[in-house]
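Colleague: I'm new to this one and would love some help reading it. Could you walk me through a few features, one at a time?

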Amino acid sequence: MNETPPPSLALSPAALPDAPLADALRLVALDGAPVLLASSTHSAAPPHRTDIWALPLAGRGPSGAVATIPQLLPALPRWDAAAADGAADGGALSFVVEVAGGAVNALVRLDGASGVRTSLTAHRPFASFSGPRFVRGAGAGSLPAPSPGAVSAVVDNATAVVLEAAAAGGGSVDHPIGECIDVVVLAGSPGPTAVCKRVAPGASRGGALPGTVRVSARDAAYGAAGAEDAPFGDRRVFEIDADRAGGGLVIVATSAAHLLVAHRPAPGAAFRVLPVDAGGADPATFSAPCVLVTDRTVTLAVLSKARTPDARALVATWPLP
């Protein structure tokens with residue numbers, strides 16, 4: 001029996017505010033619709049800051065500036081966003097932000113409405129944390145159910161962990177995942193899934209080291225619970241993102257010459273790599289890939305020519321079968 005040919009994902013431009021300084025993208029679901037977030041870091045002279053802007057892709061959700069993050073150093077911070085607790089149908093956002101401190105980076109959670117900052121890594125003041133991301137699907141009937149606001153990150157550029165708030169308002173608790181230089185963790189049943197980038201030889205691009213992608217099921221303590229999958233084989237990639245698609249998984253990654261997208265319809269099924277039409281843009285200039293699944297529709301976004309006058313976001317949508 002022949003499988004249905006995979007769809008060709010056609011990228012098209014989306015206008016970005018402050019485009020010449022755009023350096024990162026994220027996709028979030030608000031009011032059931034995808035909202036594209038873009039950051040721009042102003043680092044030419046103190047006071048340094050990073051602004052985050054929102055662009056609703058389906059006509060619903062916040063628009064314009066949604067957060068301003070003051071910073072001491074001119075580094076481009078890595079960050080992630082999610083609907084604030086209990087606010088999935090509103091416009092409130094929470095952010096987790098990498099705070100550069102020279103040799104050691106810390107992580108803070110930022111309430112986009114109030115500006116209140118909460119340290120996530122004060123319990124390990126001499127460790128350096130990078131690449132923070134909210135655990136997607138936390139509290140959504142997953143087993144185990146991570147606490148709302150659970151965050152994955154990489155410690156000392158070598159090991160991935162999940163940070164969860166301790167009981168009775170204590171500090172964060174680390175759950176080790178293993179060797180990674182970038183990681184996305186997704187809650188699910190019977191357990192979470194970790195999408196990990198492992199370091200590979202080669203030159204970095206835009207500050208991102210090359211690596212290979214490995215996917216693994218995890219148990220209740222986030223330990224390995226089965227064999228790893230390699231959705232792109234041993235192809236070297238730079239940046240990754242992933243989201244749950246029902247019981248399946250969608251992964252997006254930038255490589256030297258392509259935007260790579262893989263779909264697995266269910267746990268244990270084979271990954272299928274989908275063709276991408278870059279719409280005339282050069283994939284060698286792509287960075288900050290992101291993916292979001294809402295109502296069985298996949299939305300992809302990627303940044304082309306970051307921090308140049310030609311910077312723009314490219315977006316594609318794909319209905320799941």
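Modeller: Happy to, and bear in mind that this is a predicted model. Let's start with the lining of the largest pocket: by class, 20 nonpolar, 9 polar and 11 charged residues make it up.

Colleague: How many residues line the largest pocket, and which lie nearest its centre?

Modeller: The lining has 40 residues, with R78, G206, G207, A208 and E239 nearest the centre. The volume of this pocket is about 1000 Å³.

Colleague: Which strands each supply at least two residues of that lining?

Modeller: Those are β3, β11 (129-134), β18 (237-245) and β23 (286-294).

Colleague: Let's follow β3, then. How do strands of a sheet pair?

Modeller: In general, they pair through backbone hydrogen bonds, either parallel or antiparallel. Here, 4 strands make an open sheet in the order β3-β4-β5-β6, with antiparallel pairing. At its edges are β3 (22-30) and β6 (64-71), each pairing on one side only. From one strand to the next, the twist averages 25°.

Colleague: Over how many bridges do β3 and β4 pair?

Modeller: Over 8 bridges, with β4 spanning residues 33-42. Within this pairing, A24 stands opposite S39 of β4.

Colleague: And T254, in strand β19: is it buried or exposed?

Modeller: T254 is buried, because its relative accessible area is 0%, and the cut-off for buried is under 20%. Among the residues T254 touches are R205, E239, S287 and V302. T254 and S287 are 33 residues apart along the chain, yet their C-alpha atoms are separated by 6.6 Å.

Definitions and conventions
Residues numbered from 1 in each chain as written. Predicted model: local features only at pLDDT ≥ 70, side-chain atom pairs only at ≥ 80, totals over all residues. Heavy atoms only, no water. Pairing = 2+ DSSP bridges. Axes fitted to C-alpha atoms, helices over the stretch in contact; angles between N-to-C directions. 1 Å grid on protein atoms, 1.4 Å probe; cavity = no way out; pocket = protein on both sides within 12 Å on 5 of 7 lines; lining within 4 Å. Points joined across faces, edges and corners; volume = space filled by probe spheres on them. Nonpolar A, V, L, I, M, F, W, Y, C, P; charged D, E, K, R; others polar. Buried < 20%, exposed > 50% of the residue type's maximum accessible area, 1.4 Å probe, protein only. Contact = heavy atoms within 4.5 Å. Lists of a residue's contacts leave out its neighbours within four places in sequence.
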